[in-house]
Amino acid sequence: MTNRAEMTRRDILKSGAAASTLTLAPGVTLMAFGGTAEASSRADAGKRWGLLIDASKCAADCNDCVTACKVENGWGSQTELEQIDPEQAPEWIRKVTLRDTSTGREVSAPVMCQHCEAPPCVDVCPTGASMKREDGIVLVDKHICIGCRYCMMACPFKARSFVHAEITDQNVQAPRGKGTVESCNLCAPRIDSGRIPACVEACEKAGHSAILFGDLKDPDSAISKALNDYDSVALRADLELDPGVRYTNL
Amino acid sequence: MAMEQTIYRELKATPGVWQIAALLLAFLAAAGGAWFYMEHHGHAVTGMTNQIVWGLPHVFAIFLIVAASGALNVASIGSVFGEKAYKPMGRFSSLLAITLLVGGLAIVVLDLGRADRLIVAMTTYNFSSVFAWNVLLYNGFVAVVAVYLVTQMMRALDYKWVRFAGFVAFLWRLALTTGTGSIFGWLVARPGYDAAIMAPMFIIMSFSFGLAIFILVTLTLLKLNDRIFGEELLKRLGRLLGVFASAVLYFALVFHLTNLYATEHGGYERFILMDGGIYTMLFWGVQVMLGGLIPIALVFLNPSRSSTILASILVVIGGFAQVYVIVIGGQAYPLEIFPGYEVIEGFHEGVVSPYTPSIWELMLGLGGVALALFAAGVGAKVLRVLPTNLSDGNLAAKG
């Protein structure tokens, strides 16, 4: 028999998470990466994960980061896209090509959740499902998302999608749920096991290395050094949300 | 001066009452079916998208929630501001305020992606969310107004308690509409929302929409039981509606003027006021003309029983259009994510998002209206909230 007095806080959190999983999804084992107490405890408050995207290295005709994200996180499969209106289709990461209206210069870059330090989506979420981990990753806890979409109203980057229909052929390591909101989670499960996000890896493989991933809090990390050496911008810098995703040569 | 004693009696079940009840139940059944269909297939069967994330159901819901706090004004004018002529209408005004709110909330809840997780919304609060505050404000409103209604119905109670409960309810309704307006006003991301004036504008909108609905519903119920609604009293309510409708226009004017002054909002203003298609049409044609200038002209230039009724109907239509323009127009206008750049390729970047509501959304929205009206009718049937006589006797007593 468990001596209640000896139960640690972590045990209680674990049992609570397990209970809510059972209640909310009977018969289904959902592994909510990053959202559960166990995964949260892996997030290191001493780090802040971020991306630096070099638009000059990003090729307009390359879509490898988007494809890698789709495969890794199980969204936007051919079957899913055939069954749903394009306006309702998920879009965790998208490629944009921009033309500077004054100079005419054209650049391409991927846009995903900007993992803000002060995320409006987290502020407005009524249940706290939209959350920021200790290490700066912003994501949705699909177990307590009620599907109100207020976070989508609040996001200045159109980074979030609502699951409009039942999903078949789910990716086991990245479960998604009809009626909840989802977005880039910076591949939190990969980061938690010491790997880099799928988009970053794909961009390297394609020979562009346009996306640099690293710890913004570590002054010796490659990303911190690059941010020190080169001019970079944050999207919608006027809102002062301090995004963890920065762009250079945009 | 002799004032007629107000006698409150339950609504009698005449054939007309049964017919309207049956009609409302049919709408409720249709809404139930629509909800079940949307719940089963997901929001894919609606017109809502990842761009227009809140659609027609939200327009209905916000309209009803805003009107709810406004419907309470008649009671407040009576017991807080001491206008004797309004006192006989106080009970039903309180009841209608509760049912309109419940109707609106039902729509919001049934539109959730996971309506089955309502218990999560009730038990897990993120206190930095305006939405979470609103959950408390809405539940609190029902409780506060219910207490206010009970105090009004207790003849033996010292009147100071009615005044006190009315005062608390009045403050609460101001907070509630502030919260509803702030759902939009505090969204910095979208140029059509981000404006502090949203909260006071929603308050004045509630005064106008709520009074219009109160006039129409009360008149219908009294008529169904052949009870009198005095012409002078109606004209007086009509004039008040005219004042409120003018104030709504004024706030809309200030909102747009402020936006026009700020260059960064110029694009949004151009969209709503000039080349926004359906939104421009709804703004000028329905909100300003049909729901503003015409009813104002009616009640002030040609005050009569029919002018008040027509003005009330027009204010409801105009108000609905106004909420539609705010909620949907604000989302349809593109987000400015890359200032200084033209987007050549992307995902609905820099273009106006289309929205065509589905029949299911319409059915759900109308179901919320039906729920509010049905509940108000049932309330009037079982409680003594409607006076047997709303003749002009009380106006005369006031002089």
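These are my notebook entries on a predicted model, covering chain B, its pocket, the aromatic contacts and a few single residues.

**Entry 1. Chain B overall**

I started with the make-up of chain B and found 14 helices and 3 strands. I then checked the spread of the chain. The radius of gyration of chain B is 22 Å, and a compact globule of 399 residues would come out near 21 Å, so the value agrees with the rule. Along the principal axes, the C-alpha atoms of chain B fill a box of roughly 75 × 45 × 40 Å. I also looked up burial: 56% of the 399 residues of chain B count as buried.

**Entry 2. The largest pocket**

Next I turned to empty space. I noted a volume of about 690 Å³ for the largest pocket. The lining has 27 residues, and those closest to the centre are Ile20(B), Leu24(B), Val217(B), Leu373(B) and Phe374(B).

Which helices of chain B each supply at least two residues of the lining? I listed H1 (15-41), H2 (56-71), H8 (198-224), H12 (305-332) and H13 (359-382). H13(B) gives the most, with 8 residues.

I sorted the lining by class and got 24 nonpolar, 2 polar and 1 charged residues.

**Entry 3. Aromatic pairs**

I counted aromatic pairs over all chains and arrived at 24. I wrote up two of them.

The pair of Tyr150(A) and Trp54(B) has ring centres 5.4 Å apart and planes at 25 degrees; the cut-off for stacking is under 30 degrees, so I logged the pair as stacked. This pair crosses between chains: Tyr150(A) sits in helix H6 (residues 150-154) of chain A, and Trp54(B) sits in the loop between H1 and H2 of chain B. I checked the accessibility of both partners. Tyr150(A) has a relative accessible area of 0% and is buried. Trp54(B), at 2%, is buried too.

The other pair I wrote up is Phe63(B) with Phe209(B), stacked at 5.2 Å centre to centre and 20 degrees between the planes. Phe63(B) belongs to helix H2 of chain B and Phe209(B) to helix H8 of chain B, so the contact ties together parts that are 146 residues apart in sequence. I found both Phe63(B) and Phe209(B) buried. I noted that H2 and H8 of chain B also appear in my list of helices that supply the pocket lining.

I then asked which residues form one aromatic cluster with Tyr150(A) and Trp54(B). The cluster also takes in Phe131(B), Phe184(B), Tyr193(B) and Phe202(B).

**Entry 4. Charges over rings**

I looked for arginines placed over ring faces and recorded two cases. In chain A, Arg149(A) lies over the face of Phe162(A), at 4.8 Å from the ring centre. In chain B, Arg91(B) lies over the face of Tyr8(B), at 3.6 Å from the ring centre.

**Entry 5. Positive phi in chain A**

I went through backbone angles next. Most residues other than glycine have a negative phi. I therefore noted Asp242(A), which is not a glycine and yet has a positive phi of about 50 degrees. I placed Asp242(A) in the loop between helix H9 (222-229) and strand S9 (245-248) of chain A. Asp242(A) has 34% relative accessibility and counts as partly exposed.

Asn249(A) is likewise not a glycine, and its phi is positive at about 60 degrees. I located Asn249(A) in the segment after S9 of chain A. Is Asn249(A) buried or exposed? With a relative accessible area of 40%, Asn249(A) is partly exposed.

**Entry 6. Two loop residues of chain B**

Last, I looked up two residues in loops of chain B. Met48(B) lies in the loop between H1 and H2, the loop that also holds Trp54(B). Met48(B) has a relative accessible area of 1%; buried means under 20%, so I marked Met48(B) as buried. From Met48(B) to Phe229(B) I have 43 Å, C-alpha to C-alpha, with the two residues 181 apart in sequence.

Thr388(B) is in the loop between H13 and strand S3 (389-390) of chain B. I entered Thr388(B) as partly exposed, at 31% relative accessibility. Thr388(B) and Gly70(B) are 318 residues apart in sequence, and I put their C-alpha atoms 24 Å apart in space.

Definitions and conventions. Residues are numbered from 1 along each chain as its sequence is written. Chains are lettered from A and ligands numbered from 1 in the order in which they are written. This is a predicted model: local features need pLDDT of at least 70, side-chain atom pairs count only at pLDDT 80 or more; totals for chains, interfaces and linings use all residues. Side-chain values use heavy atoms; hydrogens and water are left out. On a 1 Å grid over the protein atoms alone, a cavity is a set of points where a 1.4 Å probe fits but cannot get out, and a pocket is an open set with protein on both sides within 12 Å along at least five of seven lines; lining residues have an atom within 4 Å of a point. Grid points are joined across faces, edges and corners, and a volume is the space filled by probe spheres set on the points. Helices (H or I, at least four residues) and strands (E, at least two) are DSSP runs, numbered from the N terminus. Ala, Val, Leu, Ile, Met, Phe, Trp, Tyr, Cys and Pro count as nonpolar, Asp, Glu, Lys and Arg as charged, and the others, Gly among them, as polar. Rings of Phe, Tyr and Trp (its six-membered ring) pair if their centres lie within 6.5 Å; planes under 30 degrees apart count as stacked, over 60 as edge-to-face and the rest as tilted. Buried means under 20% relative accessible area, exposed over 50%, partly exposed in between (1.4 Å probe, protein chains only). A charge sits over a ring if NZ of Lys or CZ of Arg is within 6 Å of the ring centre and within 35 degrees of the ring normal. The radius of gyration is taken over C-alpha atoms; the globule rule is 2.2 Å times the number of residues to the power 0.38.
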